[in-house]
Each structure stands twice: as C-alpha cells, then as structure tokens.
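Colleague: I am new to this model and would like to understand the reasons behind the words used for it. Could we put it on the screen and go through them one by one?

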Amino acid sequence: MENNLVIVESPAKAKTIKRFLGDDFIVKSSYGHIRDLSKKNLGIDVDNGFTPEYEIPADKKKVVSELKKLASQVKTVWLASDEDREGEAISWHLSEVLKLKESSYKRIVFHEITKDAIQNAIDNPRSIDLNLVNAQQARRILDRLVGFKLSPLLWKKIKPSLSAGRVQSVSVKLIVEREREINAFKSKSEYKVFGFFIINGISVKSELNKKFKTKQEAAVFLESLKEESFHVADLVKKPGKKSPAPPFTTSTLQQEAGRKLGMSVAQTMKFAQGLYENGHITYMRTDSVNLSSLAINTIKSEIVKSFGVEYSKVRQFQTKTKGAQEAHEAIRPTFVNAENIEMGKQEQRLYDLIWKRAVASQMSDAKIEKTILTVNNDKNNVSFITTGEIVSFDGFLKLYMESSDDETTEEKQSSLPNAKINDEAIVERVESFEKYDQPPYRYTEASLVKKMEELGIGRPSTYAPTISTIQQRDYVVKESRPPKIRVIGSLTLTKGNLTETKLDEKFGGEANKLFPTSMGVVVTDYLAGHFEEILDYNFTAQIEEKFDHIADGDVTWTDMIAKFYKGFNVKVEASLKEKENSKWERELGKHPQTGLPIILKIGKYGPYASVEGGEKPLYASLRKNQNIESITIEEVLDLFRLPRTLGEYEEDQVIVALGKYGPYVKNNGAFYALQKTDDPYTVSLERALEIIEEKKKNVKEAFSRSFDEMPGLKVLKGRYGPYISYEKKNYRIPKSLDPELITLDECKNIIEKKK
DNA sequence: CAGTGAGCGAGCTTCCGCTTGACTT
C-alpha cells in the first residue's frame, strides 16, 4: 500500500511525474477545478458577506469520489496544483472537499517537470497560501457578479440569451471600435517616385525621398529630370543584427500558427493538446517564456552538434506580459533531439514550428550589413535612396524567422553594386505611382488574442474559448471579403519621354478577419453607455492590482468586492428601472421618393431598415453581411425592392423574395429556390414559372418507398445517399443493399442494429 | 425553413478559469 498521494491538475502531467517518483507514490489528477459557484442561481449570498455557494459539478463527481477514497488510504496527500492563483485555489478546494487534516497534507509547487524540480518540491513543502486563495475567490466572484447581472439585463433590454462579461464584452468592443475607425478613415493618396538606374552594370531600384500631393506636381518634377544626369552621392554601410524571438507562449503560438500555418486559434490549441498528451511538447497553456535549465542545456548541445558552436548563444528571456503568472515553462519540445514526430499532418506542422522557435531562441544573432545608396543630380534638391541588406552571418535565421501582422512588407534589395561616390548612375526610367494610405487593420483571431494579452484580458486557457463565444453569440463574425478595384494614376519617364497611364489596383480584400455584427454594435453601445467602468480597457488591469493587494494580505477580499458591488449594483438597478429598452436607432437619410426618414433598428428578428409614416410602411431585414452601422442608403433601397410581385399563376400571386436560404419564388404556399444564375431583382414571370414547373416535376419523380405493414417507415434518397426514415430518425442503408429492392425485414434489421 | 417589427407571459438563457473526454453528423 502506497503512503503518498500526489494530486496535480493535468492527467498527462500526472503520468510524467509518476516516472520520477518511487513506488510509494500514487499520482492522480484533479482535472482542473473540482468545485465552482452554483450554476442554478447567482451562487453568492450578497447580503451575507458575499458567501460563495460552492458545489461539485456533475462531471467532477467521479474524480472527486476517487480522490476522496485514495486520500483516506494514504498517510500524506501532496497538493501539487500549479503555482498560481487558480492553482492555489484548486489545492484549497481539494483540502476542503477531501476533508484533509492539517497534518495529513502538504502543499508543493514546481514550474518545470524535471526530476530535480520535483524532488526539490517534495523536500520543501509549505502550507496553503490563504491570501492567494482569497484573491482567486475575489476574481471568481467578481466575474460571476458582472456576468450574471449584466447578461439578464441584456435579456430584458435587448434580446434573450445574450451574454456579457468582463472579458468577452471588452473583446467585442475592440472589434466594434476598430470597425468604426475603419469606417471613419478617409484614404488619402500621394505620388511616390521610383528611379531605375544602372550603376556599374547593375540595375538598382530606388525611391525618391520626397512624395507629391498631386499628379501635376509629380509630372512637373519628372519633367525637370529630362535633361539631367545622375551620380552616386553617398554610400553608407552600417552593421546591424537581428535577434531571435523568445520561445512560444500560448498567445504567440496562436499568432504564429495563424500567420504561418493558417490555423484558427481553436485548431492550434486542439493540435497542441494532442502533442502535449503524447508527450511531445511541454504544457501548451502558459504565459511564460522561461525555459528550464535542462532544456537550455539540451538545446545547446543540439545546436552545437547540428550547426557548430558559433551558432549557439544561451539566452534566458524575461516575461513581460501584464499579469503573467508563470506557473509553467514556455512551450517547447520535450525531447529536443526528436526533430520529427509521428502524428497527424497538422500536428507535425505545429510541432515543427514549436521545435524551430524553441531551438532558434537559443541561437546566435544574425549579423546584417545594411547599405544605403544615395543617387542624385546637382540640380534638384532631392535624392533617390536604395536600402540593401546582406546577411553576413545567418545565426538563428538558419532555422526560423517570426512573421509579422503587417501586411505591407517593404521591399529591400539584397545586393547592391560596388560603387564609389561620383560613379555614374545611368537613368533607365523614372516612374511615379499614386499610393493610397491604409486604414487600420481588422483583427484576425490571433491578433485579437495579442491585443487581449496586451491589455491583460483573459488567460492562456481562455483565449480560444472566448473567441469562440463571441462568434457563437453572434457579436462577431469571421469573414473573408473580395478586394475592390480602384484606378490609380501613373507616370513614366523613359528616354526623355513622359507618358501617363491609369492602372487598376486591388484594395480592401480581407481573409478571415473579424467583423462586428449589428448585435455586437448594439450590445457594445448599450454596455459602454451604462457601464463605462467595466467596458474600459483598463478595468481588468485595475482590479488585478486589487487582487494583488489581497494576495499580499493588505486588503480583505470581501471589502474589495463590497466596494465594487455597491457602485455596480446601483447602476444595474437603475438600468433595470429605465422604462425604455435599448433604443439603438440610426437615421440613414431620407427616402428619395417620399422624403420620409430611413431608420435602422434592431428588433426581435434582428437588424432591419424601416420607413414609417407613409401609406404603406416599408420594412426589410438586413442581409447577413450587412451591418446596421455601415450599410449605405443604396443598399437599403435595394433591400426595399424585394419582395416583388411578378403576376399570377394558378389563381395565386407569384412573389419573388429573399429568404434566410437565398432568393426564392413563392406561389400557392410553396417555396421554390432560385438558381444561382437568376437575379431576384430582374427575374421575369416566365422564368419564375419555369422554376415552379421544374421543381414540381422533380418532386413527382422523387424516390420514395413505403410498406403497408409499417406506414411510418419510409425509404428515401437524400443528399448523402439512400436512407430509412422512421420515427423522426434517419438510418443509412449500406451500399450492399439496393434501396429499390430492400425488404421490410432488412429495414428493421438496420434500425435494430443502430439501437 | 423563407411572412414578421405591439405586448403579454412561462420558462429558459448567462460569467471566467482550470482541466479533458464523450458524444453525433
């Protein structure tokens, strides 16, 4: 019988640690938290010192009873949950739920999983830090108060089932505000000038150090170059260096996997989880860039072996993230000598990225030689400049280079000609292009995570779930949009000839970006209007400071919560008492025919445009990708053009409209989908009747069989092949059976088997 | 499943952080 029970948070960790400990130890996992506030109600006795009502969730009952049994059989229980606020609370809940006596348990911590670290922890046990536990209780209760008071307010004032919270509401606000910046952005253009020279036989493209506001000014400048000759005016060489990025944290892994591998935040975490469970990488939910000394040493010898000693540079990175708790190591391969692993394709790609990033972080700087070549003539008081960059020692670049969110990458010429001052620069041509400046970037999932991390909102374990939640609640949508085309001006001076052309330029295309929905806008405006403090980007940072005071023992957690709740609840109550619901309205303009105002609103069924007060009020729901805030008057008028009545057929009107599932024709209570090639705004009665007739014909020919003995059972052919429909459930028919000849007994068999 | 937009009302929804499976299509 073992004398010791060690409880950690994660089962994979338990497995690893078991190997380091002797036979006298049982190692088990709590699977995270084992208790939480009651789900049925607020779960907090607000009038009684904010007493929390804890309960064990249904899916944790099994784990808890197993731990209870084991705890009663051993001499010592070692509470080894993570060394952070949540981990301390997990240990405390365990000690309470397992009814551990002071003398029968010990609290231990380690933040790297190595034999030494674990032995060291066992040798230095401590007691549970109740101040830290109280800081966690304050965090938990504040989040519950905010979430469970604001959400019901939204149900009453805007729409049922909506949600609000300290993290999600601020995340949505980031998206809403960014969209507003983009809408308000007025793009300006300038004319950039590029010179194409030949210097000592080598072509050089260089940019003028001056831009022009208009095409005329650019043309005047190009004209003035006609008779001029150019020479090298300056050549400066500057040594520089580039250093590797630190190894991955959850946030940086999500960003790079998004940029380099095109993975969504949720996918990244799923594949990382797989790698972790199979023992290939360290824990994937971490905010630390720290590497264990064991890891640093093995990475070093791996680098020396593969690349040579000059490529090795030992680095210890500092975590700078706001509110980082550093309970774990950075994300790295567990066995650095395993350059490849055997798992799914996606897991392999992600592993490769993690491996390279971790190894590169311990490699030497790249040495860069930067060359700046300046060309001018003696007349114009301007210069053409080219920047060249030569990597004289690749260092970590041999392995890995971090990508950037910046979509416009400046082009740099790699090698420049050997030149001396006053060498001749022969002019091939000079070009000038109109260049528009860029509106702010829309967030991707990963760049939103980056921003959240900067603001200290959310934790590594919640980035991915939060991003899913705000999309599930229909506050935000991830979308791609095709680029639009604009005409830009262009001038070319070749051999003394100035020509002018117009070019098409694509712009504004988006791939997998986050857009706010109308609901996202309305909810954000409501919350920001009524609860400015909580929607403030610094709210989390400010309360985190207070949690720190609780953890330090300087503040009582109930005092802190009481103070917050007092002001907060006054606002909640006042908002509930307001007679009116959220009155989000926007007047877009006047209807061109009637002169009545076009109003945008959000109703029971979503966002819509209306013109009221005329003989016949006009209503139209917005389309899925249209937003209450950015829709134009033209688009609204287009919406009003449907439904159209085309005429009559079989004594009923033929109506064309746009539904949830696309454009359709309606006649005698039946719906007929339009083809992709049909335009609902222009489709004729003739074509509509064709569609109706065709569908009727198809229905007649549709395959269906039934048996007199069992009228509720039907054999049908669907999208996925033949199937049996019985009592509202569907059963697939195997390929070995012919649906035209199948017997009733065979059908019954299929249904039985499935059950 | 495709319309609608005033108001009533029963019973439901909801937070953030810590962890994994167990499910169906």
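Colleague: Why is Gln255 counted as buried?

Modeller: Gln255 has a relative accessibility of 6%, and buried means under 20% relative accessible area, with exposed being over 50% and partly exposed in between (1.4 Å probe, protein chains only), so Gln255 counts as buried. Please keep in mind that this is a predicted model, in which local features need pLDDT of at least 70 and side-chain atom pairs count only at pLDDT 80 or more, while totals for chains, interfaces and linings use all residues. Residues are numbered from 1 along each chain as its sequence is written, chains are lettered from A and ligands numbered from 1 in the order in which they are written, and side-chain values use heavy atoms, with hydrogens and water left out.

Colleague: What surrounds Gln255, and in which helix does it lie?

Modeller: Gln255 belongs to helix α8, residues 250-261, where a helix is a DSSP run of H or I with at least four residues and a strand a run of E with at least two, both numbered from the N terminus. Not counting residues up to four places away in sequence, Gln255 touches Ala446 and Lys450, contact being heavy atoms within 4.5 Å.

Colleague: What makes the pair of Gln255 and Ser251 a polar contact?

Modeller: Their side chains are joined at 2.8 Å, and the term asks for a pair of N or O atoms within 3.5 Å; within protein, one must be able to donate a hydrogen and the other to accept it, and residues adjacent in sequence count only if both atoms are side-chain atoms.

Colleague: Why is Val523 called buried?

Modeller: Its relative accessible area is 4%, so Val523 falls under the limit for that word. Val523 sits in helix α14, residues 518-530, and, leaving aside its neighbours within four places in sequence, it contacts Leu154, Ile158, Leu162 and Tyr475. Val172 is 351 residues away from Val523 in sequence, while the C-alpha atoms of the two are 9.2 Å apart in space. For chain A as a whole, buried residues make up 46% of its 755 residues.

Colleague: How do you know that β1 and β7 pair?

Modeller: Two strands pair if DSSP finds at least two bridges between them, and strand β1 (residues 4-8) is joined to strand β7 (residues 76-79) by four bridges, the two running parallel. One of the bridge partners in β7 is Leu79, which belongs to Ile7. These strands are part of an open sheet of four, in the order β2-β1-β7-β8, with parallel pairing.

Colleague: What makes β2 and β8 the edges of that sheet?

Modeller: β2 (25-29) and β8 (105-107) each have a single partner strand, so one side of each is left without a neighbour in the sheet. On average, neighbouring strands here are turned by 20° against each other, direction ignored, axes being lines fitted to C-alpha atoms, for helices over the stretch in contact, with angles from 0 to 180 degrees between N-to-C directions. Helix α1 (residues 11-20) lies across β1 and β2, and runs at about 165° to β2.

Colleague: Which strands stand at the edges of the antiparallel sheet, β19-β20-β21-β22?

Modeller: That open sheet has four strands in the order you give, and its edge strands are β19 (585-590) and β22 (618-621), each of which pairs on one side only. Its neighbouring strands are turned by 25° against each other on average, direction ignored. Helix α18 (residues 633-640) packs on the sheet, touching β19, β20, β21 (606-611) and β22, and its direction makes about 105° with that of β22.

Colleague: Which residues come nearest to DNA strand B?

Modeller: Ser10, His33, Ser161, Tyr283 and Tyr605 do, out of the 49 residues around the strand, a residue being near if one of its heavy atoms lies within 4 Å. Sugar and phosphate account for 53% of the atoms of DNA strand B that come within 4 Å of the protein.

Colleague: What do the side chains of Ser10, Arg144 and Ser621 approach?

Modeller: An N or O atom in the side chain of Ser10 is 2.5 Å from a phosphate oxygen of DNA strand B. A polar side-chain atom of Arg144 lies 3.1 Å from a base nitrogen of that strand, and for Ser621 the side-chain N or O atom is 2.9 Å from a base oxygen. Each of these values is within the 3.5 Å limit for a polar contact.
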